[in-house]
Amino acid sequence: MTSGAKQTAARRALLVGAGRMGGALARGWRANMRAAGLKSLDILDPNASPEILALAEDRRIRLNAAPRPVDLVILAVKPQGFNATAPGLAAWLSDDPLAISVMAGIQSDSIADRLGVRRVIRTMPNTPGAIGQGVTAYTAAKACTEEDRELAETLLAPLGAVVGPMTETELESATAISGCGPAYLFLLAEVLEAAARASGLKPDVAAILARQTVTGAGALLAEGGEPADLRRAVTSPGGVTAAALDVLMAPGGMPDLFRRAVEAAIARNRQLAKPD
Ligand SMILES: NC(=O)c1ccc[n+]([C@@H]2O[C@H](COP(=O)([O-])OP(=O)(O)OC[C@H]3O[C@@H](n4cnc5c(N)ncnc54)[C@H](OP(=O)(O)O)[C@@H]3O)[C@@H](O)[C@H]2O)c1
């Protein structure tokens, strides 16, 4: 369910795309190739950052080199770039490789068809993964083994927590919750800041009060405890916070809005996943 899987045989891996997500993965693996279960790593990215160029100074890592057979391919290009990238990957793939995708919106079947592979693990990371603070949900095709799932959990650990395996339908819900979720929290910081300004606070004061409240509350939540308990702990009956929460939790308020927002995200995700 989470990272910390037992050690699997060392693999030769190919990472396609080394931007925010792929770069965070490559940095994490480079820190301890053995723990990541990797013998060697090839990276394909025509516009690799200087940081990725520096990783390739390690003799076990090659950047934009000629194809050689790999056991494992990790897809971290933008979804729209996948169609262009897929045909060129055939030259890299050994018999029956494992494919792990962090691409949003491209279904496992489609990845399997385009690459001609059976064992596909499709994941949904989120933006905080770029600093190792994300959460990644994943689904594994029927052909995947327990060892494949353990390897995927180990390889995804540099992005943060790993949750799965789950069904592809559950992954759609996960997309709407954790994949899109950072935007909901950034919006919360924005609207809290706007409300602070509307209440008469200076813009710089409004900004620090709103932003630090969101990040500080997140850190407190990370320490443990149920969100509802933490909320009740700062809400005296009939008090000031209770007055605000009465508005936020009224019919049509935050609980209803979030349910509708998540439904809209799931519906849009299904629409985008349909073939043209
Ligand atoms: N960022 C997130 O929060 C997030 C969350 C969930 C899922 N994802 C998924 O993660 C994937 C990667 O996202 P990202 O934010 O890491 O994107 P990104 O920063 O744009 O990284 C993608 C990298 O792939 C490179 N690239 C483009 N075409 C390529 C090709 N043909 N071969 C090899 N490399 C190529 C890009 O180079 P150029 O910049 O030169 O095009 C870029 O460096 C996407 O599919 C996205 O849906 C991201």
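A cavity, as the word is used here, is a set of grid points over the protein atoms alone where a 1.4 Å probe fits but cannot get out. With that in mind, and remembering that the model you have open is predicted, begin with the enclosed space inside the protein, where the count comes to one cavity of 30 Å³ or more. The largest cavity holds about 40 Å³ of space.

To find the largest cavity, select Gly105, Gln107, Arg122, Glu172, Asn269, Arg270 and Ala273, which line it. By class, this lining is made up of three charged residues, three polar residues and one nonpolar residue.

Next, colour helix H12, residues 254-273, which gives the most to the lining of the largest cavity, with three residues. If you then colour domain 1 (11-165) and domain 2 (181-273) separately, you can see that the lining draws at least three residues from each of them.

Now move to the ligand and show the residues around it, of which there are 22, with Arg20, Met21, Asp45, Asn47 and Val77 coming nearest.

Which backbone atoms should be picked out here? Select Leu44, where a backbone N or O atom lies 3.4 Å from a nitrogen atom of the ligand. Continue to Val102, which has a polar backbone atom 3.3 Å from an oxygen atom of the ligand, and then to Ala104, where a backbone N or O atom lies 3.0 Å from a ligand oxygen atom. To finish, show the surface of the ligand, which on its own has 880 Å² of accessible area, 75% of it covered by the protein.

Technical notes. Residues are numbered from 1 along each chain as its sequence is written. This is a predicted model: local features need pLDDT of at least 70, side-chain atom pairs count only at pLDDT 80 or more; totals for chains, interfaces and linings use all residues. Side-chain values use heavy atoms; hydrogens and water are left out. On a 1 Å grid over the protein atoms alone, a cavity is a set of points where a 1.4 Å probe fits but cannot get out, and a pocket is an open set with protein on both sides within 12 Å along at least five of seven lines; lining residues have an atom within 4 Å of a point. Grid points are joined across faces, edges and corners, and a volume is the space filled by probe spheres set on the points. Helices (H or I, at least four residues) and strands (E, at least two) are DSSP runs, numbered from the N terminus. Ala, Val, Leu, Ile, Met, Phe, Trp, Tyr, Cys and Pro count as nonpolar, Asp, Glu, Lys and Arg as charged, and the others, Gly among them, as polar. Domain bounds come from an automatic or database domain assignment. A residue is near a molecule or strand if one of its heavy atoms lies within 4 Å of it. A polar contact is a pair of N or O atoms within 3.5 Å; within protein, one must be able to donate a hydrogen and the other to accept it, and residues adjacent in sequence count only if both atoms are side-chain atoms. Accessible areas come from the Shrake-Rupley method with a 1.4 Å probe; for residues, only the protein chains shown count as cover.
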